[in-house]
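Here is a colleague's note for someone who is opening this entry without having met it before. Please keep the sequence and the view side by side while reading.

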Amino acid sequence: AGLSCLYLAGITGKPPASGLAKTALGAEKRVPWEHVDSATEKIKELREAGVQILMLEQTHASISYDAVPVRFPCCHIVGNEITGVDEDIVSLVDHAVEIPMHGTKNSLNVSVAFGIVIYELARKYKECKV
């Protein structure tokens, strides 16, 4: 998707976690990543550097992933599969982004949802560079 860096914080696997290489299929060696002790502090640092902060989360103010007004550079936050994004982070974002759901389920697996959203952002980035 053309990510410049993947910041890992909280409850998440990070290289060289067992099983990660099998799941990532080598991507853990190709996508730059950094483990941060505090997601909140990293978000504040990125905001100060002019980075737009987006969050994949269903809230009362969520915007459809394909309609969110994006400016680059941007950082996209993905939360825990069960509990979502921590409340202290929610107040720091520019936009909450969601995938509209049709049917009886109201959400997708977080990795699937992230894949959908990040490739939409990649498409928008490509459009703005043309």
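The numbered points below go from the overall fold to the sheet and then to the surface.

1. The model is a predicted one, and its secondary structure consists of five helices and six strands. Followed along the sequence, these elements come in the pattern β-α-α-β-α-β-β-β-α-β-α.

2. As to overall dimensions, the C-alpha atoms occupy a box of roughly 40 × 35 × 35 Å along the principal axes. The radius of gyration is 15 Å, which agrees with the value near 14 Å that a compact globule of 130 residues would have.

3. Among the contacts with a separation of 6 or more, 68% are between residues that lie 24 or more positions apart.

4. Four of the strands form an open sheet, in the order β4-β6-β3-β5 and with parallel pairing. Because β4 (63-64) and β5 (74-78) stand at the edges and each has a single partner strand, one side of each is left without a neighbour in the sheet.

5. The edge strand β4 deserves a second look in the viewer: two bridges join β4 to β6 (residues 95-98), and the two strands run parallel. Within this pairing, Ser64 is placed opposite Glu98 of β6.

6. Turning to burial and surface, 27% of the 130 residues count as buried, while the protein exposes about 8600 Å², of which carbon and sulfur atoms supply 54%.

7. The protein carries 13 positive and 16 negative charges, and the mean positions of these two sets are 8 Å apart.

Notes:
Residues numbered from 1 in each chain as written. Predicted model: local features only at pLDDT ≥ 70, side-chain atom pairs only at ≥ 80, totals over all residues. Heavy atoms only, no water. Rg over C-alpha atoms; globule rule 2.2 N^0.38 Å. Buried < 20%, exposed > 50% of the residue type's maximum accessible area, 1.4 Å probe, protein only. Contact = heavy atoms within 4.5 Å. Areas by Shrake-Rupley, 256 points an atom, 1.4 Å probe, with all protein chains shown as cover. Lys, Arg positive; Asp, Glu negative; His and termini not counted. Charge placed at Lys NZ, Arg CZ, Asp CG, Glu CD. Pairing = 2+ DSSP bridges.
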